[in-house]
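Ready to practise reading a protein model? Work through the exercises below with the structure open beside you, and try each task before you look at its solution.

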Amino acid sequence: MKRQTWLYILLFLLIPTVALAQEPETGQTFIQTIDRTFSSFVGVIFSILFFKIGGFPFIVLWLLIGAIFFTIRMQFINIRAFKHAIDIVRGKYDDPNDQGEVSHFQALATALSGTVGLGNIAGVAVAVSIGGPGAAFWMTIAGFFGMTSKFVECTLAQKYRIVQPDGTISGGPMRYLSAGLAEMGQRTFGRVLAVLFSILCISAAFGGANMFQANQSYGAVANVLPGLPSWGYGLVLVVLVGLVIIGGIQRIGMVAGTLVPLMCLLYVLASLFILLVNITEIPGAIATIISGAFVPKAVEGGIIGVIIQGFQRSAFSNEAGVGSAAIAHSAAKTDEPIREGLVALLEPFIDTIVVCNMTALVIVITKVYIADEFAALREAKKGAELTSAAFGTVLAWFPILLAIAVFCFAFSTMISWSYYGERCWDYLSGGRGLIIYKILFLVAAFVGSVSNPSSVIDFSDATLISMAFPNILGGYFLSAQVAKDLQNYMGRLSQGEIRPAKWGVGE
């Protein structure tokens, strides 16, 4: 479809919305109707997916048990091969003749563009404000075990990827669930899981990777531009995202590859500055986080409530066990699936153990999670605005810097996830109706901008984390194959059969 046709469709969708929004009374009613309808829908979905077993939501237990199982099954490969994983990312084992579309580093950067974002900024603030500082401790524990979940799913994505005649790669859970289980004589079961994953992934592309980003980024931007209406921000975001995803994966990769490293550096430097200014308070903040993990004070649900918040936010931030990043890692150039799995285990380390903990320390040190003047933000679960307030306690202009970083993080996450959802739509439809998917994706971005933050957060959690159900279930069945391949690879590595490539970084 021509780009001009795309733009006509986009304008057709936006003009009635703009007309409604410019009438103060009518516009307010229209926005309230969207919010009310969406909140009711979310209430039903959330209650189904998050029913509790012993106080824990089932889906959170599912993620935790799966991550622990894979870590033990793979004999703590997240520790054993950590240095080797860094060497792979550095390019020491790159072979330009290997089949694939991107390097190990590029695959890692692409996957991080879909994970490093508002989960690290807004999500952490929400977790600490609800579950107390101890939530950051359990978030770190979940990130540690999640490293192996990421290893398993991305190894499988490489193992069962499909190389198209034109050289492009099609891979991810929908491929390894169907093909891998078919090899075990469970073709129908694998097909069912693959279809279920694809449906949930498309839903997550609309929810956690789209609506949450739009909703929370509006909070940060509105904090420095108070007169900006939510519908106006939503329209601007829809147009910008629409222009990028029209260009396909090439344009998505180009934009994400430029924005993400820059914004990561900007955010990390800003966080480091705040921590250095308050360096004497860091030991106390760490002690508060650790003690709060086991002796929570005035937290709903007690220690279970703290653990739940930590695990939920970790899953939302690094997506370990969810299967989304496997789609990006399947395109890496390598003839060793295990090697890309090792690269992937670095994601939760960077995303959760490093970046999320920096945010948590800033939140705890500045005490915005308990200060009375920020009670309204905590009640409304406005995580990005809480983090912005934390930055603002050090320098008045820091919220402006954060607003820019938040917008770019949200934007890069949305465009990356639009591709994930598109691949799953392609799997289900055989490539038909992609225009419908893209239109729905843009509509979801607008709805997220104008909806209540609590509803958006609940919907995001439900859609994103639920992907772990078919993904981890299939992973249990296929883990024996991964363990066998891992043993073979590590054996060859220890015996010197696997050496750095002559065109790599070298020894």
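**Exercise 1: An unusual pair in a loop**

F76 sits in the loop between α3 and α4, where helices (H or I, at least four residues) and strands (E, at least two) are DSSP runs numbered from the N terminus. Before going on, a word about the material: this is a predicted model, in which local features need pLDDT of at least 70 and side-chain atom pairs count only at pLDDT 80 or more, while totals for chains, interfaces and linings use all residues. Residues are numbered from 1 along each chain as its sequence is written, and side-chain values use heavy atoms, with hydrogens and water left out.

*Task.* Find out what sign phi has in F76 and in Q75.

*Solution.*
- Step 1. Recall the usual case: most residues other than glycine have a negative phi.
- Step 2. Check F76: its phi is near 55°, a positive value in a residue other than glycine.
- Step 3. Check Q75, which is in the loop between α3 and α4 (77-80). Q75 also has a positive phi, about 55°, although it is not a glycine.
- Step 4. Add the surroundings. We call a residue buried under 20% relative accessible area, exposed over 50% and partly exposed in between (1.4 Å probe, protein chains only). Q75 has 56%, so it is exposed; F76 has 35%, so it is partly exposed.

**Exercise 2: The whole chain**

*Task.* Work out what share of the protein chain is buried and which helix gives the most to the largest nonpolar core.

*Solution.*
- Step 1. Count the elements: the protein chain has 23 helices and four strands.
- Step 2. Look at burial: of the 507 residues, 58% are buried.
- Step 3. Go to the core. A nonpolar core is a set of buried Ala, Val, Leu, Ile, Met, Phe, Trp, Tyr and Cys residues joined through side-chain atoms within 4.5 Å. The largest one here has 138 residues, and F151, V241, L342, W417 and M467 are those with the most contacts inside it.
- Step 4. Name the helix: α10 (residues 187-224) gives the most to this core, with 17 residues.
- Step 5. Zoom in on V241. Taking a contact as heavy atoms within 4.5 Å, and leaving out residues up to four places away in sequence, V241 touches F411, M414, I415, F441 and L442.

**Exercise 3: Helix α21**

*Task.* Compare the reach of helix α21 with the expected span, then explain why α21 is largely enclosed.

*Solution.*
- Step 1. Take the expected span as 1.5 Å times one less than the number of residues.
- Step 2. Helix α21 (residues 434-450) has 17 residues and reaches 25 Å from its first C-alpha to its last, close to the expected 24 Å.
- Step 3. Of those 17 residues, 12 are buried, so the rest of the structure largely encloses α21. Among them are Y437, F441, L442 and G448.

**Exercise 4: Ring pairs**

*Task.* Classify the ring pairs F69 with Y476 and W425 with Y437.

*Solution.*
- Step 1. Learn the rule: rings of Phe, Tyr and Trp (its six-membered ring) pair if their centres lie within 6.5 Å; planes under 30 degrees apart count as stacked, over 60 as edge-to-face and the rest as tilted. The whole structure holds 19 aromatic pairs.
- Step 2. For F69 and Y476, the centres are 5.1 Å apart and the planes at 75°, so this pair is edge-to-face. F69 is in α3 (residues 58-73) and Y476 in α23 (residues 468-494), so the pair ties together parts 407 residues apart in sequence.
- Step 3. For W425 and Y437, the centres are 5.7 Å apart and the planes at 50°, so this pair is tilted. Both W425 and Y437 are buried.
- Step 4. Spot the cluster: ring pairs link W62, F69, F70, F469 and Y476.

**Exercise 5: A serine in a loop**

*Task.* Decide whether S330 is buried or exposed, and find which residues S330 touches.

*Solution.*
- Step 1. Locate S330: this residue is in the loop between α15 (324-329) and α16 (337-344).
- Step 2. S330 has 1% relative accessibility, so it counts as buried.
- Step 3. Not counting residues up to four places away in sequence, S330 touches A157, Q158, R161, I169, G171 and G172.
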